[in-house]
Structure formats: C-alpha cells, structure tokens
Amino acid sequence: LGTAWVSVQISPSTRGIKQQIQSQLSGVDVSRVTSSWGSSVTNAFSGAFKTVAATATATMAAVGTVIATHLNGAIKRADALTAFPLVMKNLGYNSDDAAKAIQKMVKNLDGLPTSLDAMTGMVQQLAPLTSSLDEATNLSLAFNNALLAGGKSTVLQTNAMEQYSQMLSVGKVDMAAWRSMVTAMPGQMNQLAVSILGTGNNAMDLYAAMKDGTVTFDQFNNAVIKLNKQGIDGLASFEDQAKASTKGIGTAFENLNSRINNAMSKIIQAIGDEKIAAVINDFSKNIVKAGGS
C-alpha cells in the first residue's frame with residue numbers, strides 16, 4: 001500500500017458531540033469538558049491511524065455514516081476471528097485446527113445471511129458433543145444450510161438448532177425438540193429420513209428409529225454432512241438449497257452488510273485489536289478525568 005498515511009479529521013466531529021450533549025442538557029455550556037474530549041480523541045486516534053497505509057481519500061461524512069452503521073458488526077466479526085482460536089485452545093483443541101476451522105467458516109458463509117459470530121457460537125456448542133473440531137465445524141455449517149434451505153424465520157431456525165444441540169448432549173431424541181426441527185426444515189428432515197432409512201420414509205419414521213436406537217446420532221450427523229454436499233433423489237444439496245432459498249432482496253442486503261463488516265474487520269485487524277483496545281481504554285480514562293472524577 002506504499003507509505004501514504006490515512007488522514008482522519010476528528011476535531012469537526014467533536015463539535016457535533018458538544019452540540020448533542022449541550023442539547024440534551026438544555027443548553028448548559030459544556031465547552032470545557034468537550035474541548036478536553038476533542039483533544040483526547042484527536043491525539044488518541046491520530047496515533048492509532050498512523051499505523052494504516054492508504055491510497056485513496058473519501059468524503060468523511062459518507063465514511064462516517066458507513067462506519068457508524070457497521071462498526072458494531074465489524075467489531076463482532078473481528079472479535080470472533082481473534083477469540084475463536086483462543087477459546088478453542090482453552091477448551092483443549094489445537095490452535096492450528098481452530099484457525100483452519102474459522103477460515104472454513106468464513107469461506108462457507110460468504111453469500112449467506114448467517115453471521116460469523118453466530119457460527120462460531122454454534123461450533124463451540126457442538127464441538128464437545130462430536131468427535132473432533134473439524135466434524136463440529138462441518139456439522140454446524142451443514143445444519144445451518146439445512147435450516148436456511150427450510151426458509152423459515154430466524155426464530156424457528158435458532159430454536160431448532162438449540163433443540164438439536166440439547167438432544168445431542170443427552171444422547172436421545174425428544175418429541176417436542178424433534179418437532180421444532182421439523183417445523184424449521186420439513187423438507188430437509190424428510191430428505192434425511194430417506195437418506196438414512198430409504199425411500200418411503202419421512203421425518204417421523206426417522207424419529208421412531210432414533211428413539212428405539214436403530215439409528216444413532218452419529219448416523220444422523222453423518223447424513224446431514226453428506227447431504228450438505230450431495231443431494232438425494234435428484235434434489236440439490238443442502239448447500240445449494242440454502243443459496244437458492246436466500247436469493248431475495250432482504251438477504252442481498254444482509255449479504256451487503258456482512259461483506260462491509262468483513263472489510264471493516266480487516267481494517268480493524270490491520271490496525272491491531274490490542275492497539276484499538278488501548279486507544280479506547282485511554283479515551284475512557286480521559287472521559288473520567290474530564291468529568292472531574
């Protein structure tokens with residue numbers, strides 16, 4: 001990127017902060033406090049952004065709007081990328097395997113409305129219940145695709161995932177939990193039944209087989225992972241079904257948000273999580289000082 005520096009004008013935006021605070025305080029003069037904040041912000045952020053090189057400039061008002069809208073999502077994504085390998089290492093998993101797992105998630109979630117932090121949470125939940133971190137990652141991605149393919153609401157999808165993880169943790173099926181899965185992805189559950197039990201079987205036949213132990217959770221998990229990559233009886237894979245089911249305008253906007261978050265999280269990582277955290281901590285200390293505490 002060369003040696004050009006990013007130039008960010010912080011001072012004008014601090015005047016806006018002053019106006020907002022003053023309006024909230026019914027016109028009370030807050031010049032002394034906000035001028036101190038402005039100086040702190042300028043000094044802190046100029047130090048942080050000197051570590052980033054750039055080759056283009058943009059209108060600060062437009063950039064500020066984009067940053068304000070997507071910063072929270074970008075921070076969550078950056079935190080997920082940083083924290084996941086550390087969390088999994090603390091749980092006894094190999095850090096290299098964890099790094100590979102999160103890169104697989106990033107690659108497979110592109111174009112889908114599922115956030116990275118939601119997926120890492122799912123993998124963390126399933127990892128202790130499966131034979132390996134790789135299996136947990138593959139199962140989480142496959143199950144997520146099956147749920148997206150079902151086309152139901154996010155609430156139903158989330159509930160189905162939670163119910164399945166609870167059944168997996170105790171090692172036995174439950175009718176109420178099973179029905180939540182069928183409600184969220186009826187067609188996909190029937191496809192799993194046919195894959196495991198053969199043509200003519202449906203989701204409730206599969207429930208009965210798992211209830212009496214004829215079919216194990218390992219077999220069910222393997223079938224989910226298998227159907228994620230290859231369809232059955234002429235049907236598309238869960239992966240392709242998920243992409244087809246999320247082609248709407250709403251999902252397109254979700255994808256846009258996700259990709260902006262992704263780009264911004266890369267900027268955050270380029271600056272350095274620790275450096276940004278240090279800037280925020282220093283800034284918060286200055287707020288306390290400015291308030292006279």
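Where is the place of Ser-237? I looked this up in a predicted model, and I found Ser-237 in the loop between α11 (217-229) and α12 (238-245).

**Entry on Ser-237.** I next asked whether the residue is buried or exposed, and noted that Ser-237 counts as buried because its relative accessibility is 4%, under the 20% that sets the limit for that class. Following its side chain, I found that it reaches the backbone oxygen of Asn-228 at 3.4 Å. I then listed its contacts, leaving aside neighbours within four places in sequence, and wrote down Leu-227, Asn-228, Lys-229, Gln-230 and Gly-231.

**Entry on the aromatic rings.** I noted five aromatic pairs in the structure. For one of them, Tyr-164 and Phe-217, I recorded ring centres 6.1 Å apart and planes at 45°, so I entered the pair as tilted. Tyr-164 lies in helix α7 (residues 154-170) and Phe-217 in helix α11, so the pair ties together parts that are 53 residues apart in sequence. I looked up the accessibility of both residues and found Tyr-164 buried, with a relative accessible area of 1%, and Phe-217 buried as well, at 12%. I also noted that Tyr-164 and Phe-217 belong to one aromatic cluster, which they form with Phe-143, Trp-178, Tyr-207 and Phe-220.

**Entry on Ala-118.** I placed Ala-118 in helix α5 (residues 116-126), and I entered this residue as partly exposed because its relative accessibility is 40%, a value that falls between the 20% and 50% limits. Finally I looked up the separation of its C-alpha atom from that of Thr-158, 40 residues apart along the chain, and wrote down 9.9 Å.

Note on methods:
Residues numbered from 1 in each chain as written. Predicted model: local features only at pLDDT ≥ 70, side-chain atom pairs only at ≥ 80, totals over all residues. Heavy atoms only, no water. Helix = DSSP H or I, 4+ residues; strand = E, 2+ residues; numbered from the N terminus. Buried < 20%, exposed > 50% of the residue type's maximum accessible area, 1.4 Å probe, protein only. Polar contact = N/O pair within 3.5 Å; in protein donor to acceptor, adjacent residues only side chain to side chain. Contact = heavy atoms within 4.5 Å. Phe/Tyr/Trp six-rings, centres within 6.5 Å; stacked < 30°, edge-to-face > 60°.
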